[in-house]
Amino acid sequence: MSPENLAGTARRPRSEWPIFVVGCHRSGTTLMRFILDTHPAIACAPETKLMGGLYEFSRYPQLRFALATLGVTSEQGSAELAQLVESIMGKYAARSGKRRWADKTPNYYRILPFIREIFAGEVLFLFVERHPFDTMTSLVEFFDQRVGVDADPETDRISRSFGAGPYSWARYWTEVNESIELFRHEHPEISHVVRYEDVVSRPDSTVGSIFDFLGENMPEDLLSQVFTAPHHLGMEDHKIRGTGAIHDRSTLRWADWKPERIAATWRLVGPLAQTLGYTPDPAAPVVPVS
């Protein structure tokens, strides 16, 4: 679909647009899902993989040509896929007693333009960022023993390509966040970056700005209900089920790394991490970004 098609008059208000939560695995996307899902208007599903499956469908060899022989244009095909997603996810939201839906699937980072095209530009993205060293520490713990065992396609690809361990996850962190940075700078009007460190250190203002971006009011008691409100089970970090409140105990988990390891790893992730406001100094791991 051409940019001209995406720039037309909005068909519905921003407060009705689909929401996608995207970022590295182990960056805080599940926490973000719980926060959104606690809102009385938003049903945020665990990882659906739905858009990834539709992306592969859309790339089936000769599909576009075959559809054209049926009189279906590219724009019409996108609209049909959007209606399918809206039907599935809209029914999910309705069963949850909500009027709006969100999808938390980290590995959508590779198909952001496809999602934007399907919804004709009427879609909102929440991009979750976290210090690369904390993300890598958590990835090693969670995924290094799961290669090929019910593994996420993206993390499995990284493990198989670069092996298990910190090096592979440094490559993964960089790949994800480079994709996000490119997309969000091209489409700032539909993109909002959420830093995990900001959520856990100043949740009120950070979460408030998220709902402002989504076009929703934030209930005063929302943050106190994040871990008591019901949330459907699905593909997620199930440790969050034992969490009672938003906390910062999962930051600076790399503070005991040897200086040599910090320096070596920073050579891999540093150029991008620095632009996102992160440093290799555990005494000042996050720098405000204007």
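Leaving aside its neighbours within four places in sequence, which residues is V123 in contact with? The tour of this predicted model opens with that selection.

**First stop: V123**

Select V123, which is placed in the loop between α6 (112-118) and β4 (124-129). Its contacts beyond four places in sequence are W17, P18, F20, I115, R116 and I190. Add P18 to the selection and display the C-alpha atoms: those of V123 and P18 are separated by 5.1 Å, although the two residues lie 105 residues apart along the chain. V123 counts as buried because its relative accessibility is 0%.

**Second stop: helix α12**

Now select residues 259-275, which form helix α12. Follow the helix to V269, where α12 bends by about 70°. A proline, P271, follows within four residues of that bend. Just after the helix, select G277, whose phi is positive, near 95°.

Next, colour the buried residues of α12, namely I262, T265, W266, V269, G270, L272 and A273. An α-helix has 3.6 residues a turn, so residues three or four places apart point the same way. Show α7 (132-143) and α9 (166-186) as well, since these are the helices against which the buried residues of α12 pack.

**Third stop: where α7 meets α12**

Keep α7 and α12 in view and hide the rest. Their axes come within 10 Å and cross at roughly 115°. On the α7 side, select P132, F133 and M136; on the α12 side, select I262, T265, W266, V269 and A273, which they meet. By class, this contact has 7 nonpolar residues, 1 polar residue and no charged residues.

Within this contact, centre the view on T265, a residue of helix α12. Is T265 buried or exposed? T265 counts as buried, because its relative accessibility is 9% and the cut-off for buried is under 20%. Not counting residues up to four places away in sequence, T265 touches F133, M136 and W257.

**Fourth stop: the largest pocket**

Helix α7 also leads to the next site, as it gives the most to the lining of the largest pocket, with 4 residues. About 720 Å³ of space lies in this pocket. To find its centre, select R26, T30, F142, E236 and D237, the closest to it of the 35 residues in the lining. Then show α2 (29-38), α7 and α10 (196-201), the elements that give two or more residues to the lining. Colouring the lining by class should give 13 nonpolar, 9 polar and 13 charged residues.

**Last stop: two loop residues with positive phi**

Select K49, in the loop between β2 (42-45) and α3 (50-58). K49 has a positive phi of about 60°, although it is not a glycine. With a relative accessible area of 21%, K49 is partly exposed, because this class covers values between the limits of 20% and 50%.

Move on to Q62, in the loop between α3 and α4 (63-69). Q62 is likewise not a glycine, and its phi is positive, at about 70°. Is Q62 buried or exposed? Q62 is exposed, because its relative accessible area is 68% and exposed means over 50%.

Technical notes:
Residues numbered from 1 in each chain as written. Predicted model: local features only at pLDDT ≥ 70, side-chain atom pairs only at ≥ 80, totals over all residues. Heavy atoms only, no water. Bend = angle between axes of the 7 residues up to and from the residue. Buried < 20%, exposed > 50% of the residue type's maximum accessible area, 1.4 Å probe, protein only. Contact = heavy atoms within 4.5 Å. 1 Å grid on protein atoms, 1.4 Å probe; cavity = no way out; pocket = protein on both sides within 12 Å on 5 of 7 lines; lining within 4 Å. Points joined across faces, edges and corners; volume = space filled by probe spheres on them. Nonpolar A, V, L, I, M, F, W, Y, C, P; charged D, E, K, R; others polar. Axes fitted to C-alpha atoms, helices over the stretch in contact; angles between N-to-C directions.
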